[in-house]
Amino acid sequence: MLNPLWCYHGFRIAVIILTCFGVVMVFSSSAVTMISAGVSPWKQALSQGMYCVLGLVLGFVAMKLPVGFYQRFSGLFLIIAIILQLLTLTPLGVEVNGNTGWINIAGVFTMQPAEVMKLALCVWLPQAMSIAQQRAAKQGDKAFLFPTLMFGACLGAVMLGKDLGTAMIVVFIGATAFIIGGFPWKWMLAIIGALGALILAVVITSPNRLNRIFAAYGDCSGEDALSVCYQSVHAKYAMASGGLWGVGIGNSREKWNYLPEAHNDFIFAIIGEEMGFIGAAMVILLFVVLGWCLLCVAVKTKDRYVSMVLVCVTVWLVGQGLVNIMVVVGLLPVMGVPMPFVSAGGSSLIMCLAAAGVAISMMRSHPHVHADVSALRS
């Protein structure tokens, strides 16, 4: 389990299983909603399948690119991601559930640029922190000013769209890169204080977010169960009715338009209902395998950049999956964070598969993995 070669193959298998399983569960959880909307029950599943193919192609390309390519062009990638995120503030921006985090392209495709931002930060911040750490010997803590300002610009661009859930994942990625990149702790404490104050201000000034927090950690009255607590209550109904083995794939009751976003942010509730505790536990186990494999290779590689990228990708994919699960079971307030590889949504699935491709490229730089891949080719 500590062998980099095992981890390399284990990671790829976990990603493939989660992705294929996600397409099946998207169909199962969305078919009724599609029929009630007057469209084909296969509509959402076919869209997810198309996004899956696009993501696999992008992931394959990312897998073939060498580590040096990411080091050289990560800055350009980040600038493109920031520009895309700022487009959400233009007439191209689309508001979904109160958050302006999407752009409409040619009137036929809606894209969430924050997903591109996550991957860009995963490949750029490690490079920026490595350079800053080298310059710190001569310039002192000032060497970390540029990465700090750039990360602040990225986070600010996401926050302008009022998507607090996505902003939290961005903070996780940035904090990880800063901590393992030798960021000065006195600056870190100041940034944590500033972010805490900012988040508190955003929450207090939004009645919707306050109500979500009260719904998660307070008692829901009968009236609340029909309004602010509705989604979380029905997610718990789904999980509870699943039992040990579940009611069977396709037999969910909550997906009959009782549970909002059943095929998206709350797909784990449908998994728990249809596949029971065993199915939900297997999904969690796959994320554990995914994270374990990435971290094992990150610890054993001698390339600091590769190690930092793998850790950042781990925090993004596994951390976001954990947040999604905690929201569904009621440990966190509802915040609209999809489950990587599983939830419906083109931007998320495509960029998660691209991130998997980047991780595989990083893993292949390890001597043991590289030797095995070269032997297979020959």
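Visitor: What makes the crossing of α1 and α10 left-handed?
Guide: The crossing of α1 and α10 is left-handed because the term applies where the near helix is turned anticlockwise from the far one by less than a right angle, with right-handed reserved for clockwise. The model is a predicted one, in which local features need pLDDT of at least 70 and side-chain atom pairs count only at pLDDT 80 or more, while totals for chains, interfaces and linings use all residues. Residues are numbered from 1 along each chain as its sequence is written, and side-chain values use heavy atoms, with hydrogens and water left out.

Visitor: At what angle do the axes of helix α1 and α10 cross, and why is α1 called roughly antiparallel to α10?
Guide: The axes of α1 (residues 4-36) and α10 come within 9 Å and cross at roughly 155°. Angles run from 0 to 180 degrees between N-to-C directions, the axes being lines fitted to C-alpha atoms, for helices over the stretch in contact. Over 145 degrees counts as roughly antiparallel (under 35 is roughly parallel, 65 to 115 roughly perpendicular, the rest oblique), and therefore α1 is roughly antiparallel to α10.

Visitor: How do you know that α11 is roughly antiparallel to α12, and which residues make the contact?
Guide: Helix α11 (residues 304-328) and helix α12 (residues 346-363) have axes that come within 10 Å and cross at roughly 150°, which means that α11 is roughly antiparallel to α12. Their crossing is left-handed. The contact (heavy atoms within 4.5 Å) involves residues of α11 including Val309, Val313 and Trp316, and residues of α12 including Met351, Ala355 and Met363.

Visitor: What is the hand of the crossing of α5 and α6, and why is α5 called roughly antiparallel to α6?
Guide: Helix α5 (residues 145-159) and helix α6 (residues 164-180) pack at an angle of about 165°, their axes being 9 Å apart; α5 is therefore roughly antiparallel to α6. The crossing of α5 and α6 is right-handed. Among the residues in the contact are Phe151 and Leu155 of α5, together with Val170 and Gly174 of α6.

Visitor: What makes up the largest nonpolar core?
Guide: The largest nonpolar core has 108 residues, and Phe11 and Trp316 have the most contacts inside it. Helix α10 (residues 267-300) gives the most to this core, with 15 residues. The term denotes buried Ala, Val, Leu, Ile, Met, Phe, Trp, Tyr and Cys residues joined through side-chain atoms within 4.5 Å. Not counting residues up to four places away in sequence, Phe11 touches Leu290, Cys293, Leu294, Ala356, Ala359, Ile360 and Met363.

Visitor: Why does Glu115 count as buried?
Guide: Buried means under 20% relative accessible area, exposed over 50%, and partly exposed in between (1.4 Å probe, protein chains only). Glu115 has 1% relative accessibility and therefore counts as buried. Glu115 is found in helix α4 (residues 113-139). Its contacts, leaving aside neighbours within four places in sequence, are Trp316, Ser347, Ser348 and Met351.

Visitor: Why is Arg212 called partly exposed?
Guide: The relative accessible area of Arg212 is 25%, so Arg212 is partly exposed. Arg212 is found in helix α8 (residues 207-217), and touches Val228, Pro333, Val334 and Met335, not counting residues up to four places away in sequence.

Visitor: What is notable about phi in Glu261 and Phe341?
Guide: Most residues other than glycine have a negative phi. Glu261 has a positive phi of about 55° although it is not a glycine, and phi of Phe341 is near 70°, again in a residue other than glycine. Glu261 lies in the loop between α9 (230-242) and α10 and is partly exposed at 30% relative accessible area. Phe341 lies in the loop between α11 and α12 and is buried, with a relative accessible area of 1%.

Visitor: How do you know that β1 and β2 pair, and which strands are the edge strands?
Guide: Two strands pair if DSSP finds at least two bridges between them. Strand β1 (residues 93-96) and strand β2 (residues 99-105) pair in the antiparallel sense over three bridges, with Trp102 in β2 as the bridge partner of Val94. Helices (H or I, at least four residues) and strands (E, at least two) are DSSP runs, numbered from the N terminus. Two residues lie between β1 and β2 in their hairpin, and Asn97 in the turn has a positive phi of about 55°. Three strands form an open sheet in the order β1-β2-β3, with antiparallel pairing. The edge strands are β1 and β3 (109-111), each pairing on one side only.
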